[in-house]
Amino acid sequence: MSVVKINVLTVPEDQRETLEKRFAARAGAVESSDGFEWFELLRPVEGTDTYLVYTRWRSEEDFRRWMERRGQAAHAGAQGEKPRPAATDATLWSFEVVQQAAPRQD
């Protein structure tokens, strides 16, 4: 059964562009990982400063393996001086997929 991880990031308005550029620069950091199924960066539209980083994994074990190997390196940034985080707070939500639907293929 697939699992979903949603990283909830509080991002001040003046840091939104920075956050989005950092995610764009990390393209490919997770896509080739064993068990990876999906990624989306969701920008708030109104009324909140919270971004959602949605990833879907084949299993909890696949996610943990990625975090132990590549995930930490992907989030570490360049060596030397590390840039200031764009988010002021982060929380990780975890879910199991129990139902799903896709568009009909007529």
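A salt bridge is a side-chain nitrogen of Lys or Arg within 4 Å of a carboxyl oxygen of Asp or Glu. In the predicted model described here, the side chains of Asp62 and Arg65 satisfy this criterion, with an N to O distance of 2.5 Å. Both residues belong to helix H2, where they are 3 residues apart, about one turn of the helix. Asp62 has a relative accessibility of 2% and therefore counts as buried, the limit being under 20%. Arg65, at 29% relative accessibility, counts as partly exposed. Through salt bridges that share partners, Asp62 and Arg65 are joined with Asp34 and Arg58 into one network.

Within this network, the side chains of Asp34 and Arg58 also meet in a salt bridge, at 2.9 Å from N to O. This pair links distant parts of the chain, 24 residues apart: Asp34 is in the loop between H1 and E2, and Arg58 is in the loop between strand E3 (50-57) and helix H2 (60-76). Arg58 is partly exposed, at 39% relative accessibility.

A further salt bridge is formed by Glu37 and Arg56, whose closest N and O atoms are 2.9 Å apart. Because Glu37 lies in strand E2 and Arg56 in strand E3, the pair ties together parts that are 19 residues apart in sequence. The relative accessible area of Glu37 is 33%, and this residue is partly exposed. Arg56, in contrast, is buried, with a relative accessible area of 17%. A search of the whole structure gives 9 salt bridges. In general, side chains of opposite charge can pair when their charged atoms come close.

Aromatic contacts were examined next. The count comes to 5 aromatic pairs. One of them is formed by Phe23 and Phe39, with 6.0 Å from centre to centre and 20° between the planes, and is stacked. The pair links parts of the chain that are 16 residues apart, Phe23 being in helix H1 (residues 16-25) and Phe39 in strand E2 (residues 36-42). Phe23 has a relative accessible area of 17% and is buried, whereas Phe39, with 23%, is partly exposed. In the case of Trp57 and Trp66, the ring centres are 5.4 Å apart and the planes are at 35°, so the pair is tilted. Trp57 and Trp66 are both buried. Together with Phe36 and Phe63, Trp57 and Trp66 form one aromatic cluster.

Two residues of these aromatic pairs also take part in contacts of another kind. The ring of Phe39 has the charged end of Arg26 over it, 4.3 Å from the ring centre. Trp66 is joined to Ser33 by a polar contact of 3.5 Å between their side chains. Ser33 is placed in the loop between H1 and E2 and is buried, with a relative accessible area of 8%.

The largest nonpolar core has 7 residues in all: Leu9, Val11, Leu19, Phe23, Tyr51, Val53 and Ala86. At least two residues of this core are supplied by each of H1 and E3. Apart from this core lies another, of 6 residues, which include Phe36, Trp57, Phe63 and Trp66. These four residues are the members of the aromatic cluster described above. Phe23, by comparison, belongs to the largest core and stacks with Phe39.

Contacts of individual residues add detail to the largest core. Leaving aside residues up to four places away in sequence, Leu19 touches Leu9, Val11, Leu41, Tyr51 and Ala86. On the same basis, Ala87 touches Leu9, Thr10 and Val11. Ala87 is found in the loop between H2 and strand E4 (89-96) and is partly exposed, with a relative accessible area of 23%. The C-alpha atoms of Ala87 and Thr18 are separated by 9.6 Å, and the two residues are 69 residues apart along the chain.

Key:
Residues are numbered from 1 along each chain as its sequence is written. This is a predicted model: local features need pLDDT of at least 70, side-chain atom pairs count only at pLDDT 80 or more; totals for chains, interfaces and linings use all residues. Side-chain values use heavy atoms; hydrogens and water are left out. Rings of Phe, Tyr and Trp (its six-membered ring) pair if their centres lie within 6.5 Å; planes under 30 degrees apart count as stacked, over 60 as edge-to-face and the rest as tilted. Helices (H or I, at least four residues) and strands (E, at least two) are DSSP runs, numbered from the N terminus. Buried means under 20% relative accessible area, exposed over 50%, partly exposed in between (1.4 Å probe, protein chains only). A charge sits over a ring if NZ of Lys or CZ of Arg is within 6 Å of the ring centre and within 35 degrees of the ring normal. Contact means heavy atoms within 4.5 Å. A polar contact is a pair of N or O atoms within 3.5 Å; within protein, one must be able to donate a hydrogen and the other to accept it, and residues adjacent in sequence count only if both atoms are side-chain atoms. A nonpolar core is a set of buried Ala, Val, Leu, Ile, Met, Phe, Trp, Tyr and Cys residues joined through side-chain atoms within 4.5 Å.
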